Amino acid sequence: MEKIAIVGLAQTKFERRKPDKTYYDLVYEVTRDALEDSGLTLADIDNVITVSNDFLDGRTISSMAVGEAAGGHDKNISTVEGDGTFGAFYGAIRVLGGFRSTLVVAHSKGSEGNVSYISNALFDPIYQRPLGIESLASAALQANSYMEKFGLSEIDFAKFSVKNHGNAWNNPYAQIPLTITVQDVLSSPKLADPIKLLDCSPISDGAAAIIIADEKTAMKSAKKPVWIRGIGHCCEEYFLGDRDLADPRALRSAAKKAFEMAGISNPSREIRVAEVYDAFSYMEPLWLEGLGFCKPGGGPELLDCGVISRGGTLPVNPSGGVLSAHAVLVAGLVRLIEAALQLRGEAQGRQVEDVHRALAHGINGPCGQSHCVWVLESD
Amino acid sequence: MDWLVHTEAVTQKGQISLPYRWWVGETGSRFLTALRDEGKILGNRCPSCATVYVPPRKNCGACFREIDDWLELGDEGVVTSHTVIRFPFDLHPAPVPFAYALIRLDGADTAILHVIKENLNSLRNGARVKAVFAEQRCGNILDIEFFRLI
């Protein structure tokens, strides 16, 4: 693959409600900040990808309403309705296809609509939606399958909530850093068994942007380029009942592609830090298994033996993860940004030592129907 | 911003409520009319890999083959995954607590999503359940009112 890099990045602080910012404001601010971070000017950006969801924004073709905020005036603007990692994937493909540099920007204000209604609408209107299923209940079905398949417990999942909310104290952009115990998670309100309130990510407002550039443009950017070495993307069945929810098959396939592209044969040894999409506490261990960091069912053990904690050999979600801030669609792009900050050595209080290769991961669709895996490197 | 300290952050209320009338397709029509008129649950079988789908499909995703081999499934099956719902939500089909379950009907290879309303303390994966049909059926998925534990 030709050399392409992330050369600029920005994220807002994530909050339950940003009463003083429209989503247009948020897009404008992260676009401006990503440009400033990159040292490039708008003249260096020859195309824009916006990431948005019509139901979240409450308007059709929501992407077209933020073009000017995204620096897209008189430029080629295209759109991804899905997680930010998928928007970035499209952006990377465009740079490989001949554009010099792509700005990818994602926004959402979960506070303005009703996320339960919106996630109900992602299900099939004939066979599933009339049953009132939405993202929390579907996630609970997946958590139940995963627990039963491997004999895992609610305590196993609670530990991930404790870890990630604790990590969030080191991340000024996170929404809910918490000092909590496993018992706090277990005794938080039961929502959909086995999921309790503290197993869930919050509803958030926020935005994020990255700039992906070809090698020539990357060399004139202000910051150390973060090279994109591997990307993999795979999707499985739409209907929940067609899938083995406890087997992240699409993720295994996406990870395999990304690792092959990056020349990685032993991901546990060759990747130093990972940011994965943990919308619920059970997801991080399940995705770690799909990424090949442990054997099936072995995710909780990685935490118990300290591998993925802050001081471990493979810290996972040192930012606090999606559990600590979950602007839908934006959260995957934030995983990429956090991985890039680690490679630049700019992750401040959450910086992991000696990072030369990092992984970022995003999901789309119910229960991780599709996955996008990124391998990033510094020089 | 300073001015916001002294100025109300104005919001505007709105609601999107759009009527739709979805054509459920030939496959869906056959499934839903059998459910409504005969109280039967139909599935269909891929001619290549023999996977039996419910709800039935136009084509097999894995084989990309059109499916026209229909069969009647049992109204009983086994729970493959479940969750007891305790949070309230306007669109729920029953007051909480109730359960969602993925149910693999006898004769099918995929599981169907539905609800279980009774005996939640006895609900386990592997439990056998039976469909309870609505008395007044109108050709939608809620013509199966719920599943009950056997």
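# Reading a predicted two-chain model

Colleague: Why is A:D354 called exposed?

Modeller: A:D354 has 7 C-beta neighbours inside 10 Å, and since a residue is exposed when 12 or fewer other C-beta atoms lie within 10 Å of its own, A:D354 counts as exposed. Please keep in mind throughout that this is a predicted model. A:D354 is located in the loop between α13 and β10 (357-364) of chain A.

Colleague: What makes the backbone of A:D354 worth a remark?

Modeller: Its phi is positive, at about 55°, although A:D354 is not a glycine. Most residues other than glycine have a negative phi. Chain B offers another example in B:A50, whose phi is near 70° and which is likewise a residue other than glycine.

Colleague: Where is B:A50 found, and is it buried or exposed?

Modeller: B:A50 is found in the loop between β1 and β2 of chain B. With 11 C-beta neighbours inside 10 Å, B:A50 falls within the limit of 12 or fewer, and therefore it counts as exposed.

Colleague: Which residues does a cis peptide bond join in chain A, and which in chain B?

Modeller: In chain A the bond between A:D193 and A:P194 is cis, with omega about 5°, and A:P194 lies in the loop between β5 (190-192) and β6 (195-196) of chain A. In chain B the bond between B:V96 and B:P97 is cis, with omega about -5°, and B:P97 lies in the loop between β4 and β5 of chain B. These bonds deserve a mention because most peptide bonds are trans.

Colleague: Why is strand β8 (residues 226-235) of chain A called largely enclosed?

Modeller: Burial asks for 20 or more other C-beta atoms within 10 Å, and 8 of the 10 residues of β8(A) are buried, so the strand is largely enclosed by the rest of the structure. Strand β8(A) also has pairing partners: β1 (residues 4-11) of chain A runs antiparallel to it and is joined to it by 2 bridges, with A:A5 opposite A:W227. Strand β11 (residues 370-377) of chain A pairs with β8(A) in the antiparallel sense over 8 bridges, and there A:H233 has A:C372 as its bridge partner.

Colleague: How do you know that β1(A) and β8(A) count as paired, given their 2 bridges?

Modeller: Two strands pair if at least two bridges are found between them, and the 2 bridges between β1(A) and β8(A) therefore satisfy that requirement.

Colleague: What makes the length of helix α5 (residues 135-150) of chain A agree with expectation?

Modeller: The helix has 16 residues, and the distance from its first C-alpha to its last is 23 Å, which is close to the 22 Å expected at 1.5 Å a residue. As 13 of its 16 residues are buried, α5(A) is largely enclosed by the rest of the structure. Just after the helix, A:G151 takes a positive phi of about 65°.

Colleague: How do α3 (residues 84-96) and α13 (residues 330-344) of chain A cross, and which residues meet?

Modeller: Their axes come within 6 Å and cross at roughly 65°. On the α3(A) side the residues are A:G84, A:T85, A:G87 and A:A88, and these meet A:V330, A:G332, A:L333, A:R335 and A:L336 in α13(A). By class, this contact has 4 nonpolar, 4 polar and 1 charged residues.

Colleague: Why are β2 (52-53) and β3 (69-73) of chain B called edge strands?

Modeller: The open sheet of 3 strands has the order β2-β1-β3, with antiparallel pairing, and β2(B) and β3(B) each pair on one side only, which is what marks an edge strand. Strand β1 (residues 41-45) of chain B is joined to β3(B) by 5 bridges, one of the partnerships being that of B:I41 with B:L73.

Colleague: How does the radius of gyration of chain B compare with that of a compact globule?

Modeller: A compact globule of 150 residues would have a radius of gyration near 15 Å, whereas chain B has 21 Å. Along its principal axes, the C-alpha trace of chain B spans about 70 × 40 × 35 Å, and 30% of its 150 residues count as buried.

Colleague: How many residues of chain B are in contact with chain A, and which element gives the most?

Modeller: In chain B 33 residues are in contact with 30 residues of chain A, and β4(B) gives the most, with 5 residues. By class, the chain B side divides into 21 nonpolar, 11 polar and 1 charged.

Terms used:
Residues are numbered from 1 along each chain as its sequence is written. Chains are lettered from A and ligands numbered from 1 in the order in which they are written. This is a predicted model: local features need pLDDT of at least 70, side-chain atom pairs count only at pLDDT 80 or more; totals for chains, interfaces and linings use all residues. Two residues are in contact if their C-beta atoms, placed from the backbone, lie within 7 Å. Helices (H or I, at least four residues) and strands (E, at least two) are DSSP runs, numbered from the N terminus. Ala, Val, Leu, Ile, Met, Phe, Trp, Tyr, Cys and Pro count as nonpolar, Asp, Glu, Lys and Arg as charged, and the others, Gly among them, as polar. The radius of gyration is taken over C-alpha atoms; the globule rule is 2.2 Å times the number of residues to the power 0.38. Axes are lines fitted to C-alpha atoms, for helices over the stretch in contact, and angles run from 0 to 180 degrees between N-to-C directions. The expected span of a helix is 1.5 Å times one less than its number of residues.
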